[in-house]
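Subject: Structure handover and notes

Hello,

Here is the structure you asked to take over. Please load it before reading on, as the notes refer to residues by number.

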Amino acid sequence: VQLQASGGGLVQPGGSLNLSCTASGNIWTFNGVAWYRQGSGRQRELVAELTARGSSNYAFGAKGRYAVSKDDTKHTIYLRMNNLKPADTAVYYCWAETIAFDGTQGRSWGQGTLVTVSS
């Protein structure tokens with residue numbers, strides 16, 4: 001399964017962005033999904049996750065500003081980001097645990113999309 005992330009770009013502080021991540025290949029549906037980010041010189045860190053049971057978890061105060069969701073029919077994961085701050089500048093990566101039609105499970109990373117928050 002391949003994941004293609006998109007939606008990154010340059011936004012002013014206080015602005016919003018919508019990231020998308022579409023899966024292709026041998027996929028029937030998602031299990032758990034997540035978004036991570038990696039700032040310059042920093043380790044990759046969890047931003048938000050949506051578990052297979054439908055519960056969402058957010059890291060570092062992202063709750064209230066970020067919202068993770070998915071559309072299993074479109075094989076797409078979303079991250080809505082509001083009130084962005086310069087500290088949110090990073091490459092954002094999607095991750096998904098997928099289930100194929102034959103029941104095979106797999107895990108994949110997207111290629112990353114750059115979000116720059118600057119005036």
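The notes below cover strands and sheet, then salt bridges, then rings.

Please keep in mind that this is a predicted model.

Strands and sheet

An open sheet is built from four antiparallel strands in the order S1-S3-S8-S7. Its edges are S1 and S7 (66–71), each of which pairs on one side only. From one strand to the next, the twist averages 15 degrees.

Within this sheet, S1 (residues 2–6) and S3 run antiparallel and are joined by five bridges. Leu 3 stands opposite Ala 23 of S3. S3 is also joined to S8 (residues 76–81), here by six bridges and again antiparallel. Two positions help to set the register of that pairing: Thr 22 stands opposite Thr 76 in S8, and Asn 18 stands opposite Arg 80 in S8.

S3 spans residues 17–24 and has two distinct faces. Leu 17, Leu 19, Cys 21 and Ala 23 make up the covered face, while Asn 18, Ser 20, Thr 22 and Ser 24 make up the uncovered one. In a regular strand, side chains alternate between the two faces of the sheet.

S4 (residues 29–38) is mostly covered, with eight of its 10 residues buried. Eight bridges connect S4 to S9 (residues 90–99), and the two run antiparallel. Val 33 stands opposite Ala 96 in S9. S4 is also joined to S5 (residues 45–50), by five bridges and in antiparallel fashion. There the bridge partner of Tyr 36 is Leu 46 in S5. S4 and S5 form a hairpin with six residues between them. Gly 41, in the turn, has a positive phi of about 75 degrees.

Salt bridges

The count comes to five salt bridges. Arg 37, Glu 45, Arg 65 and Asp 88 are linked in a network of them.

Arg 37 has two of its partners detailed here. With Glu 45, the closest N and O atoms are 2.8 Å apart. With Asp 88, the closest N and O atoms are 3.0 Å apart. The pair of Asp 88 and Arg 37 links distant parts of the chain, 51 residues apart: Asp 88 lies in the loop between S8 and S9, and Arg 37 in strand S4.

How buried or exposed are these residues? Arg 37 has a relative accessible area of 6%, so it counts as buried. Asp 88, at 2%, is buried. Glu 45 has 23% relative accessibility and therefore counts as partly exposed.

A further salt bridge is formed by the side chains of Arg 107 and Glu 97, at 3.2 Å from N to O. This pair also links distant parts of the chain, with Arg 107 in strand S10 (residues 105–109) and Glu 97 in strand S9, 10 residues apart. Arg 107 is exposed, with a relative accessible area of 61%, whereas Glu 97 counts as buried at 14%.

Rings

Which rings does the charged end of Arg 44 sit over? One is the ring of Tyr 93, with the charged end of Arg 44 lying 3.7 Å from its centre. The other is the ring of Trp 109, where the distance to the centre is 4.6 Å. As for contacts between rings, a search of the whole structure finds one aromatic pair.

Regards

Technical notes:
Residues numbered from 1 in each chain as written. Predicted model: local features only at pLDDT ≥ 70, side-chain atom pairs only at ≥ 80, totals over all residues. Heavy atoms only, no water. Phe/Tyr/Trp six-rings, centres within 6.5 Å; stacked < 30°, edge-to-face > 60°. Lys NZ or Arg CZ within 6 Å of the ring centre and 35° of its normal. Buried < 20%, exposed > 50% of the residue type's maximum accessible area, 1.4 Å probe, protein only. Pairing = 2+ DSSP bridges. Axes fitted to C-alpha atoms, helices over the stretch in contact; angles between N-to-C directions. Salt bridge = Lys/Arg side-chain N within 4 Å of Asp/Glu carboxyl O.
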